[in-house]
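Please open the structure in your viewer and keep the selection panel at hand. The tour below proceeds stop by stop, naming what to select and then describing what is found there.

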Number of protein chains: 2
Amino acid sequence: MTAPEEPRRRTPAEEARTIVEGTNVGTLATLTQAGDPWASLVTYGVLADGAPVLLVSHLAEHGRNLVLDPRASLVAATPARGDDPLDMGRVTLAGRAERRAGGEEQAARAAHIAAVPQAATYVDFSDFSLWVLRVERVRWVGGYGRMGDVEPADYVAAEADPVAAAAPYAVRHLNDDHADALLLMARVLAGHEDATAAACTGADRYGLDLRVDTPGGETPARVGFAERVTVTDGLREATVELARRARSG
Amino acid sequence: MTAPEEPRRRTPAEEARTIVEGTNVGTLATLTQAGDPWASLVTYGVLADGAPVLLVSHLAEHGRNLVLDPRASLVAATPARGDDPLDMGRVTLAGRAERRAGGEEQAARAAHIAAVPQAATYVDFSDFSLWVLRVERVRWVGGYGRMGDVEPADYVAAEADPVAAAAPYAVRHLNDDHADALLLMARVLAGHEDATAAACTGADRYGLDLRVDTPGGETPARVGFAERVTVTDGLREATVELARRARSG
């Protein structure tokens, strides 16, 4: 058997988009009148180009700050997998916030309410305004040793992983009920012919991450799907194809 | 029966301390060399006076920022109870970060590692420094309509609620297994003699929050413990005393 070519992974830009679109709450850094940094919790939606849409009261400190100085930075994060908070995936977006009103308000309004349905009840309050954060810098940290700056143009062009929300369940299900198939994938598709056990540690639109036990010790491995998954419920079909490929060796 | 006096609640300063000490991860706002706000995830511990202790690499953007300008702001938050992110309790602390080295390092180091045990493995790396955020402003938001500025001196003097971590379990347990006792509390201790049902919506060191069904509709109510709870596992005993008091009418 020849060593498999390195299976595809999400790019840093895709990682960043996936984290940003995976939640609707983050922390915004703005500048006070004195130029001090001010951190505050905000909810947000996301435009098609990845720009966050905030709905901010000018009675709130961050609302007053944005009116005085549009520079802002937003952190979005995914929950830690274990009990180590620095294993959390997180993204910092930085740029300038632009107020949306009149004709250009509709897309921003729709994006915010799609992500934060509760906002429908206060979006029309007179003290609230929609702001779009024009992204000029993107910094992604995926956990220990996985990080990088992302070109804003790459962030704009990237797509959030459609299976991100379903992945934790899929990982649990594979480990609970399909250990044999994972072992076969490790042996046949990942090139670890001496594997004695395999567990799934991650799933994304491009494939599965495995932790493989071998006589020489534990090693990470990656198996790639035949095609990238394009629908939110596509992990099962892609994984079944992987298992079939492993069985037919 | 006389109307009960309004039972004690946590002060805003106590709410803030409870949120800050209830987690070990937050988002820090710092200033870049250009004076732009920069938001990034950090872990922290807390000194006895409530000051957060950061352990920051000078290779990280926020580490470089603090060296250039010590002004910083930290948001800590508790998870939302339901699916509404703006129902999250959160606190913004703002002030100046001071580097801790030499003899004054020990308390900061111990506080950080107590909150973030994983930090023991990298606290001595040469690129990491301990920073204490000297708190000059405190802003607390408890959810919809519960918020306020807190005097820094009050924040310093306040104690985190020792039962905060245990409260969600206690609330579930009371609702699952002790609906009769809750109803009796609502009738006898909260003055809703016509109550037909009661659920517990919150528990803290000073008492229980109830949602009471009456012929006139649903109403919130509060019942106070005989004494404030001072130990982490003290909710059960205090609640049993409340139930006993309700039964003896």
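A residue is called buried when its relative accessible area is under 20%, exposed when that value is over 50%, and partly exposed in between. The model is a predicted one, and the tour uses these three words throughout.

**Stop 1: a pair on two strands of chain B**

Select B:R134 first. Its relative accessible area is 25%, so B:R134 is partly exposed. Now add B:E98, which also counts as partly exposed, at 34% relative accessibility. The two residues form a salt bridge, in which the closest N and O atoms are 3.5 Å apart. B:R134 belongs to strand 6 (residues 128-143) of chain B and B:E98 to strand 5 (residues 90-100) of chain B, so the salt bridge ties together parts that are 36 residues apart in sequence.

**Stop 2: the surroundings of B:R222**

Move next to B:R222, in strand 10 of chain B. Is B:R222 buried or exposed? With a relative accessible area of 6%, B:R222 is buried. Select B:D204 together with B:R222: their side chains meet in a salt bridge of 2.9 Å, taken from N to O. B:D204 lies in strand 8 (residues 197-204) of chain B and B:R222 in strand 10 (residues 217-224) of chain B, so this pair joins parts that are 18 residues apart in sequence. Both B:D204 and B:R222 are buried.

Turn for a moment to chain A, where A:R9, A:D204, A:D209 and A:R222 are joined into one network by salt bridges that share partners.

Back in chain B, the side chains of B:R222 and B:D204 are also joined by a polar contact of 2.9 Å. A further polar contact, of 3.3 Å, links the side chain of B:R222 to the side chain of B:D209. To see the wider setting, display the residues that B:R222 touches, leaving out those up to four places away in sequence: B:P7, B:R8, B:R9, B:A190, B:D204, B:Y206, B:G207, B:L208 and B:D209.

**Stop 3: the interface as a whole**

Now show both chains and turn to the region where they touch. How many residues does the contact take from each chain? Chain B gives 36 residues and chain A gives 36 residues. Between them the two chains bury about 2,800 Å², and 66% of this area is on carbon and sulfur atoms. Select B:P37, B:W38 and B:L41: these residues supply 22% of the area that chain B buries against chain A, more than any other three residues.

The interface also has polar features. Eleven residue pairs are in polar contact across the interface of chain B and chain A, counting pairs in which both residues are at pLDDT 80 or more. On the side of chain B that touches chain A, at least two residues come from each of strand 1, strand 2, strand 4 (71-77), strand 5 and strand 6 of chain B. That side of chain B is made up of 18 nonpolar, ten polar and eight charged residues.

**Stop 4: salt bridges between the chains**

Four salt bridges are found across the interface of chain B and chain A. To view one of them, select A:E61 and B:R137, whose side chains meet in a salt bridge of 2.6 Å, N to O.

Then select A:R71 and B:D36. They form a salt bridge whose closest N and O atoms are 2.7 Å apart. This pair crosses between chains, running from A:R71 in strand 4 (residues 71-77) of chain A to B:D36 in the loop between strand 1 (25-31) and strand 2 (37-46) of chain B. A:R71 is buried, with a relative accessible area of 18%, whereas B:D36 counts as partly exposed at 26%.

**Stop 5: a loop residue that reaches chain A**

Select B:Q118, in the loop between helix 3 (105-115) and strand 6 of chain B. B:Q118 has a relative accessible area of 18%, so it is buried. Which residues is B:Q118 in contact with, leaving aside its neighbours within four places in sequence? The answer is A:D83, A:D84 and A:P85.

**Stop 6: the whole structure**

Finally, display all chains. A search of the whole structure finds 41 salt bridges and zero disulfides. To end the tour, select the cysteines A:C200 and B:C200: A:C200 is buried at 4% relative accessibility, and B:C200 is buried with a relative accessible area of 4%.

Methods: Residues numbered from 1 in each chain as written. Chains lettered and ligands numbered in written order. Predicted model: local features only at pLDDT ≥ 70, side-chain atom pairs only at ≥ 80, totals over all residues. Heavy atoms only, no water. Disulfide = S-S within 2.5 Å. Buried < 20%, exposed > 50% of the residue type's maximum accessible area, 1.4 Å probe, protein only. Helix = DSSP H or I, 4+ residues; strand = E, 2+ residues; numbered from the N terminus. Contact = heavy atoms within 4.5 Å. Buried area = accessible area lost by both parts, 1.4 Å probe. Polar contact = N/O pair within 3.5 Å; in protein donor to acceptor, adjacent residues only side chain to side chain. Nonpolar A, V, L, I, M, F, W, Y, C, P; charged D, E, K, R; others polar.
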